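Trainee: I would like to take a close look at one part of this model, the backbone near the start of the chain, and then to relate it to the rest. Could you describe it in one connected account?

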Amino acid sequence: MTSKEIQGISFFHLAKKYKTPLYIYDTSIIKQRFEQLQKALSPIPHKIKYACKALSNIHILRLLNNWGCGLDCVSLNEIAIGLKSGFSSDNIIFTPNSVSFSEIQQAYEQNITLNIDSITALEKFANYYPEGKCSLRFNPDITAGGNSSIQTGHKFSKFGIAKEQINNVVEIIQKSNIKITGLHIHTGSGISNPEVFIQMLDTLCQLSKKFPHLSFLDIGGGFKVAYKKDDKFIDIELLADKIVPEMKKISHEYGRPLELWCEPGKYLVSECGYLLATVNQVKHNGERTFAGINSGKNHLLRPMLYNAHHEIINISNPDAEKKTYDVVGYICEEDTFARQRNIEKIREGDLLCICNAGAYGYSMSSNYNSRCRPAEVMVYQGKDFLIRQRESLDDLLRNQDFDPFASEL
Ligand SMILES: *Cc1c(COP(=O)(O)O)cnc(C)c1O
């Protein structure tokens, strides 16, 4: 799945220079993915809005902005980080769920494209901004995506406005002067079948007939990438071959061209990322051999949270015979990166590389067990750059290092 270097820089060099555990991002892969998607969708007007919850380091965001990408944000802080990294507000879409109306207002007043996902929020929006413009997120009742916790488009999901409530929506709009400029669906993560997106476009097309002021249809993200050899992944060219004629047809029916928007997270940044860790301990416990590394689910939660598969390579012993290991982390609780996995023979001190760690890796990390988060490094145009410092004990203490009884003295 990977070589032992990025753009000519060896993992060993990076581990030595920055220490482990360490997140590394190969920005050439992000660029490649972005350009591939741009090219595939080039026959139709389109915008790519990177879903930055996948990996929100501002230096990565800055590059994506330079390359001409837009941004999909789910919190006010993501918007702030996006603006700080250079995105203009009109290039950002805000798709929150279960947030206070004040959060929606704060985004709107910064000129961010709002994607409203509930009837009551729409009512409040129409009251506050009777001339306002926004987009609507619908729940299409489509079950798609890798596993149940990342499926967001089915009937029992908390996301979006149920499409059956379309008449309520139209009523609210007709009572005010608000304009709906876009319609949105995001059905989940890890979708490899292009037909799911065609189904979504079909739903969006039917809904579009009720909204005369549209400028875009947004099919969300969720494009599946391969996590292991022979894994299914979405074929972007095939996807585009299906979407392009469909969008042309929809635009024709609608009477003018509608832009296609999409919001890939994982697709752009999963494969660019690696988590490097050092083996602290090799332990033989009866039936099993455990390789314990200097990282844990506090750094990469996906294996424990989703039972996700991440390839693991022994960088220090690449040509050795493979043996079977449970690769485990240092968190004092169940903490397993891989079960019964065949990996090149592991010795204490070896450097392991965990692949596909770019998306939902650092961004889901925590300080559980009072452990510090790793540093982040990006390799850009053949050079390595530190883009986030390793945390220290001071960072853990920052918000509690005062005397709560001081005011009583
Ligand atoms: C998380 C999310 C995405 C990105 O999903 P991926 O599977 O990472 O592509 C896109 N749109 C919205 C609204 C999201 O919440």
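Mentor: Gln-7 lies in the loop between strands β1 (5–6) and β2 (9–10). In this predicted model, the phi angle of Gln-7 is near 45°, a positive value in a residue other than glycine. Most residues other than glycine have a negative phi, and most peptide bonds are trans.

The peptide bond that joins Thr-20 to Pro-21 is also worth attention: this bond is cis, with omega near -5°. Pro-21 belongs to the loop between α1 and β3 (22–26).

Helix α1 covers residues 11–18 and contains Lys-17. Lys-17 forms a salt bridge with Asp-384, and their closest N and O atoms are 2.8 Å apart. This pair links distant parts of the chain, since Asp-384 is in strand β20 (residues 383–388), 367 residues apart from Lys-17. Over the whole structure, a search finds 15 salt bridges.

The ligand site completes the account. Around the ligand there are 14 residues, of which Lys-53, Ser-189, Glu-263, Lys-266 and Tyr-360 come nearest. By class, the shell around the ligand divides into three nonpolar, six polar and five charged residues.

Individual atom pairs give a finer view of this site. An N or O atom in the side chain of Lys-53 is 2.7 Å from an oxygen atom of the ligand. On the side of the ligand's nitrogen atoms, a side-chain N or O atom of Glu-263 is 2.6 Å from a nitrogen atom of the ligand, and a polar side-chain atom of Asp-72 lies 3.5 Å from a nitrogen atom of the ligand. The ligand on its own has 390 Å² of accessible area, and the protein covers 94% of that area. The space that the ligand takes is the largest pocket.

Conventions. Residues numbered from 1 in each chain as written. Predicted model: local features only at pLDDT ≥ 70, side-chain atom pairs only at ≥ 80, totals over all residues. Heavy atoms only, no water. Near = heavy atom within 4 Å. Polar contact = N/O pair within 3.5 Å; in protein donor to acceptor, adjacent residues only side chain to side chain. Areas by Shrake-Rupley, 256 points an atom, 1.4 Å probe, with all protein chains shown as cover. 1 Å grid on protein atoms, 1.4 Å probe; cavity = no way out; pocket = protein on both sides within 12 Å on 5 of 7 lines; lining within 4 Å. Sits in = over half its atoms within 2 Å of the grid points. Nonpolar A, V, L, I, M, F, W, Y, C, P; charged D, E, K, R; others polar. Salt bridge = Lys/Arg side-chain N within 4 Å of Asp/Glu carboxyl O. Helix = DSSP H or I, 4+ residues; strand = E, 2+ residues; numbered from the N terminus.
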